[in-house]
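Take a walk through this fold, one element at a time. Keep the coordinates open while reading.

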Amino acid sequence: REAPWFDVGWWADNIFWVAEVKSLRVENEAHQIRLGLGQVLDYEHQLTGRGVNARAVLVIEDEPVSGRWVDLCSEHGVLLTWPPFSSIPLNATS
């Protein structure tokens with residue numbers, strides 16, 4: 001079966017991290033984050049349905065103007081991150 005068309009994916013600590021990358025401008029922040037959040041939740045859902053231990057990551061280019069996005073993503077198990085990316089697990093073990 002076909003895998004979802006995500007932007008970036010990697011294995012770390014036996015978890016497949018699936019990411020969507022979104023550019024932001026002040027005037028489109030809400031739209032881009034909503035779009036990306038929906039995409040990564042769908043990717044994660046498709047992968048876990050195939051037996052993959054997957055976690056969703058939404059990568060944006062700058063810290064969001066509104067802090068509500070961090071809380072919303074966290075409530076849904078999505079890692080929201082932006083440069084310098086210190087919160088992304090990158091130690092591949094599998």
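In which sense do strand 1 and strand 2 pair, and over how many bridges? The sense is antiparallel, and the pairing runs over 5 bridges. Strand 1 covers residues 8–12, and strand 2 covers residues 15–22. Keep in mind that this is a predicted model. One opposed pair in this ladder is Val8 with Ala19 of strand 2. The two strands form a hairpin with 2 residues between them. In that hairpin, Asp13 has a positive phi near 55 degrees.

Now turn to the other partner of strand 2. Strand 3, residues 54–60, pairs with strand 2 in the parallel sense. This ladder has 7 bridges. Here Val21 stands opposite Val59 of strand 3. Helix 1, residues 29–49, belongs to the same story: strand 2, helix 1 and strand 3 make up a β-α-β unit, and the unit is right-handed.

Step back to the whole chain. It has 2 helices and 4 strands. Along the sequence they follow the order β-β-α-β-α-β. The radius of gyration is 13 Å, and the globule rule gives 12 Å for 94 residues, so the chain is as compact as a globular protein of that length. Along the principal axes, the C-alpha atoms fill a box of roughly 35 × 25 × 20 Å. Of the contacts with a separation of 6 or more, 53% join residues 24 or more positions apart. Buried residues account for 37% of the 94 in the chain. The exposed surface comes to about 5,700 Å², with carbon and sulfur atoms supplying 53% of it.

Where does the cover fall on strand 2? Of its 8 residues, 7 are buried. Val18 sits in this strand. Why does Val18 count as buried? Its relative accessible area is 0%, and buried means under 20%, so Val18 falls in that class. Its contacts, leaving aside neighbours within four places in sequence, include Phe6, Val8, Gly9, Val40, Tyr43 and Leu47. Arg55, Ala56 and Val57 are also among them. Val57 lies 39 residues from Val18 along the chain, yet their C-alpha atoms are separated by 6.0 Å.

Next, look at the nonpolar interior. The largest nonpolar core has 16 residues. Those with the most contacts inside it are Ile33, Leu58, Ile60, Cys73, Val78 and Leu80. Five elements appear on the list of those giving two or more residues to this core: strand 2, helix 1, strand 3, helix 2 (68–75) and strand 4 (78–81). Helix 1 gives the most, with 5 residues. Val78 shows how this part is wired. Beyond its neighbours within four places in sequence, Val78 touches Leu37, Val40, Leu41, Ala56, Val57, Leu58 and Cys73. Another core lies apart from the largest one. It has 8 residues, including Ala12, Ile15, Ala19 and Val59.

Finish on helix 1, at Gly38. Is Gly38 buried or partly exposed? Its relative accessibility is 40%, so Gly38 counts as partly exposed. His76 is 38 residues away from Gly38 along the chain, and their C-alpha atoms are separated by 11 Å.

Key. Residues are numbered from 1 along each chain as its sequence is written. This is a predicted model: local features need pLDDT of at least 70, side-chain atom pairs count only at pLDDT 80 or more; totals for chains, interfaces and linings use all residues. Side-chain values use heavy atoms; hydrogens and water are left out. Buried means under 20% relative accessible area, exposed over 50%, partly exposed in between (1.4 Å probe, protein chains only). Two strands pair if DSSP finds at least two bridges between them. A crossover is right-handed if, with the strands pointing away from the viewer, the path from the first strand over the helix to the second runs clockwise. The radius of gyration is taken over C-alpha atoms; the globule rule is 2.2 Å times the number of residues to the power 0.38. Contact means heavy atoms within 4.5 Å. Accessible areas come from the Shrake-Rupley method with a 1.4 Å probe; for residues, only the protein chains shown count as cover. A nonpolar core is a set of buried Ala, Val, Leu, Ile, Met, Phe, Trp, Tyr and Cys residues joined through side-chain atoms within 4.5 Å.
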